[in-house]
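Q: I would like a close look at one residue and its surroundings, explained slowly enough for someone new to structures. Please start from the residue itself and then widen the view.

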Amino acid sequence: MTSEKDLREQLATCTRIFAMQGMIGVFGHVSVYQPETKRVLITPGMGSDKGSFRPEDMVPTDLDGKPLEGKNGPPVEWPIHTALHGARADALAVAHLHTPYATLFAIAKREFRPVTLQGAIFTDGVPLFPEAQLITTPERGNNLLKVIGDKRAALLRGHGIVVVAQNLQEVLYTALVLEDDTKKTLQAVTLGEVGTISPEECRTFGAEIALERRAQRAWNYFCSLEARWDRQPATGRSELFP
Ligand SMILES: [Zn+2]
């Protein structure tokens, strides 16, 4: 079992990297779940300075969103996280983000399909949660569960994205890839018809098998960038996989 100390450290680091990459700002939150203790650790809500988070800033709650210690409560959309952590054994880390490019796919009436080899982790697609509402109740959390099924991510209509993974390294990588593939799709559209990676090609590439290793390498890479980040709002860092 990963200790709560280590999970707090990783959660703060993961969120600072999202901030450095311009993928989290006023909005957005990330969580990690410890199934052995049934404790959720979640980042503070709207307006908190995500780029400066420390392990002690993380908010522990139970699966009903009840804060377990400290004076801060979880973000209002905590049911996104508790619904997924409670229902899926593979959803130990969850990120809800309003990233600039993937969110456009939650607005445009266009289905997401992978366009790069990294994007092949989304073989099964990224479903759209149709309710244009914040997910602030367990009922809406359950509706999200039904939409996302066993997929890695969902688009929230007119709102943002949700990404699910087995750990924070993989949630970071998965969200980076989704943002990068949506960005590249948008850019490629200006050149003409966009060629997507077919489900069969995705499976042949075997992105699933390599996910753990790729996620760990990306994590190490972004941790070293973050360690010397000047804490200025992300500018010029939007080429995620140059
Ligand atoms: Zn939101």
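Not counting residues up to four places away in sequence, which residues does Ala 93 touch?

A: A word on the model comes before the details. Residues are numbered from 1 along each chain as its sequence is written. This is a predicted model, in which local features need pLDDT of at least 70 and side-chain atom pairs count only at pLDDT 80 or more, while totals for chains, interfaces and linings use all residues.

Leaving out residues up to four places away in sequence, Ala 93 touches Val 32, Ala 165, Gln 166, Asn 167, Leu 168, Glu 170 and Val 171, where a contact requires C-beta atoms, placed from the backbone, to lie within 7 Å. Asn 167 is 74 residues away from Ala 93 in sequence, yet their C-alpha atoms are 5.1 Å apart in space. Ala 93 itself lies in strand β4, and it counts as buried because 28 C-beta neighbours sit inside 10 Å (buried means 20 or more other C-beta atoms within 10 Å, exposed 12 or fewer, and partly exposed in between).

Some of these partners belong to helix α5, residues 168-189. Here helices are DSSP runs of H or I with at least four residues and strands are runs of E with at least two, numbered from the N terminus. The axis of α5 comes within 10 Å of the axis of helix α1 (residues 4-20), and the two cross at roughly 10°. That makes α1 roughly parallel to α5, a label given to angles under 35 degrees. Leu 168 and Val 171, both touched by Ala 93, join Leu 172 in meeting Gln 10, Leu 11, Cys 14 and Ile 17 of α1. The residues of this contact divide into six nonpolar, one polar and no charged (Ala, Val, Leu, Ile, Met, Phe, Trp, Tyr, Cys and Pro are nonpolar, Asp, Glu, Lys and Arg charged, and the others, Gly among them, polar).

Helix α5 also meets helix α7 (residues 207-227), with axes that come within 8 Å and cross at roughly 90°. That makes α5 roughly perpendicular to α7, as angles of 65 to 115 degrees are called. On the α5 side the contact is made by Gln 169, Glu 170, Leu 172, Tyr 173 and Leu 176, and on the α7 side the residues include Leu 211, Arg 214, Trp 219 and Phe 222. By class, this contact has eight nonpolar, two polar and two charged residues.

Strand β4 has another neighbour in helix α2 (residues 78-87), which is mostly covered, with nine of its 10 residues buried. Those buried residues, among them Trp 78, Ile 80, His 81 and Leu 84, pack against β1, β2, β3, β4, α4 and β7.

A contrast is found at Lys 38, in the loop between β1 and β2: it counts as exposed because 11 C-beta neighbours lie inside 10 Å. Although Lys 38 is not a glycine, its phi is positive, at about 55°.

Seen whole, the protein comes to seven helices and seven strands. Its C-alpha trace spans about 55 × 40 × 30 Å along the principal axes, and buried residues make up 45% of the 242 residues. Long sequence separations such as that of Ala 93 and Asn 167 fit a wider count: among contacts between residues at least 6 apart in sequence, 69% join residues at least 24 apart.

How values were computed. Axes fitted to C-alpha atoms, helices over the stretch in contact; angles between N-to-C directions. Parallel < 35°, antiparallel > 145°, perpendicular 65-115°, else oblique. Contact = placed C-beta atoms within 7 Å.
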